[in-house]
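Please open the structure in your viewer and keep the selection tool at hand. The tour below moves from one selection to the next and says what is found at each stop.

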Amino acid sequence: MPSLFSDFVRPNVPCIIKNAISSDTDGYSRPLRLTLDDIIRHVGEDTILTVDVTPDGHGDCIRSVVDMKNESEKPKRRRMFVKPHEKRMDIKTFRDLLRRGHRDKTTNTESFDSNGLGEFTLRRHSDAGIENCDTESFFNGIGHPPVVYYSKQNDCLRTEVAKLFSAQIFPDTFSFAEEAFGTGPPDAINLWIGNERAVSSMHKDHYENLFYVCSGQKEFVLCPPADALFLHEDIFFIGTFCTSRSQCTDREPEDQHCPSWVVVADDKQDDAKTMHIKQNGSNPTY
């Protein structure tokens, strides 16, 4: 009988844990399946989400920007850690934008960096707050439909979407995980909703994670901790996407640096030994 700790957690080996999450329907236990429509039926169409918005689906990543600091000089390209724009919208609007963006895969830029990511103009702003969503003006402002992704951190399932968690669809904890990780109940339980256009950049995660796909498919590219030196970490200034009349632009808070972040694109890890995993539900992945 394999041990989760000795066989997988201690040597940092991912694994699939069978029959850990299920739903009981008509007396039968089945893998938990939950779509966005199901979630809306549980929480109501007026539930407000804080949604990440990018022009091409790549947020929280290193990308090249065109610096227009001095208009009298030739524009300079620089690399920054660019965060997604955040908009507050009701969950029904989010669903509409998600499906509308799924049909239009055009990117709002004509210039691309060496990793194939679009280049955008850097403009300096002092206010980088969350904005409320006016759907039509938002689309008209940036041209093509942007990529929306609900990926709020910090325990969003028990805070921003608490009504869904209170329906007792999801388990509060896993005893086998508490034993293997040497912890109590989870510090955070997050809910992420997006389509195939949303991409999370390569990064280091300091938590032990269990990931479950309620519907659709999630693809991971994993590296062992010993290969971190091949991922070329560095420190960068921070930028944030925001909307302008014709494009999404980068916003740079003054004198603010990002902690070290992985630079390489997900398909260019040089000598790192990558593992590709496709998770499509039924069982959680460690």
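**Stop one: the aromatic cluster**

Select Trp192, Phe211 and Phe220, which ring pairs link into a cluster. The model you are looking at is a predicted one, and a search of the whole structure finds four aromatic pairs in it. One of these is formed by Phe211 and Phe220, an edge-to-face pair with 4.9 Å from centre to centre and 90 degrees between the planes. Phe211 is buried, because its relative accessible area is 18% and the cut-off for buried is under 20%. Now add Lys218 to the selection and look at the end of its side chain, where the charged end sits over the ring of Phe220, 6.0 Å from the centre of that ring.

**Stop two: the whole protein**

Zoom out and colour the chain by secondary structure, and you will find six helices and 17 strands in the protein. The protein has 286 residues, and buried residues make up 42% of them. Of the contacts with a separation of 6 or more, 79% are between residues 24 or more positions apart.

**Stop three: strands E5 and E6**

Next select residues 61-67, which are strand E5; seven of its seven residues are buried, so the strand is largely enclosed by the rest of the structure. Turn the view to compare its two faces: Cys61, Arg63, Val65 and Asp67 are buried on one side, while Ile62, Ser64 and Val66 are buried on the other. Then show strand E6 beside E5, to which it is joined by seven bridges, with the two strands running antiparallel. To see one particular partnership, select Val66 together with Arg77, its bridge partner in E6.

Stay with strand E6, residues 76-83, and pick out Phe81 within it. Is Phe81 buried or exposed? Phe81 is buried, with a relative accessible area of 6%. Select Gly239 as well, and you will see that although Phe81 and Gly239 are 158 residues apart along the chain, their C-alpha atoms are separated by 6.0 Å.

**Stop four: His85**

Move on to His85, which is found in strand E7, residues 85-90. His85 is buried, with a relative accessible area of 3%, and a polar atom of its side chain lies 3.1 Å from the backbone oxygen of Phe241.

**Stop five: two cysteines**

A disulfide is a covalent bond between the sulfur atoms of two cysteines. How many disulfides does the structure hold? The structure holds zero disulfides. Select Cys61 and then Cys223 to compare their surroundings: Cys61 is buried at 5% relative accessible area, whereas Cys223 is partly exposed at 23%.

**Stop six: helix H2 and some positive phi angles**

Select residues 36-43, helix H2, in which Leu36, Asp38, Ile39, Ile40 and Val43 are buried. The helix is followed by Gly44, whose phi is positive, near 90 degrees.

Two further residues have a positive phi without being glycine: for Asp155 the value is near 70 degrees, and for Gln168 it is about 60 degrees. Asp155 is placed in the loop between strand E10 and helix H5, and Asp155 counts as buried at 14% relative accessibility. Gln168 is placed in the loop between H5 and helix H6, and, in contrast, Gln168 counts as exposed at 70% relative accessibility.

Definitions and conventions. Residues are numbered from 1 along each chain as its sequence is written. This is a predicted model: local features need pLDDT of at least 70, side-chain atom pairs count only at pLDDT 80 or more; totals for chains, interfaces and linings use all residues. Side-chain values use heavy atoms; hydrogens and water are left out. Helices (H or I, at least four residues) and strands (E, at least two) are DSSP runs, numbered from the N terminus. Buried means under 20% relative accessible area, exposed over 50%, partly exposed in between (1.4 Å probe, protein chains only). Rings of Phe, Tyr and Trp (its six-membered ring) pair if their centres lie within 6.5 Å; planes under 30 degrees apart count as stacked, over 60 as edge-to-face and the rest as tilted. A charge sits over a ring if NZ of Lys or CZ of Arg is within 6 Å of the ring centre and within 35 degrees of the ring normal. Two strands pair if DSSP finds at least two bridges between them. A polar contact is a pair of N or O atoms within 3.5 Å; within protein, one must be able to donate a hydrogen and the other to accept it, and residues adjacent in sequence count only if both atoms are side-chain atoms. A disulfide is a pair of cysteine sulfur atoms within 2.5 Å. Contact means heavy atoms within 4.5 Å.
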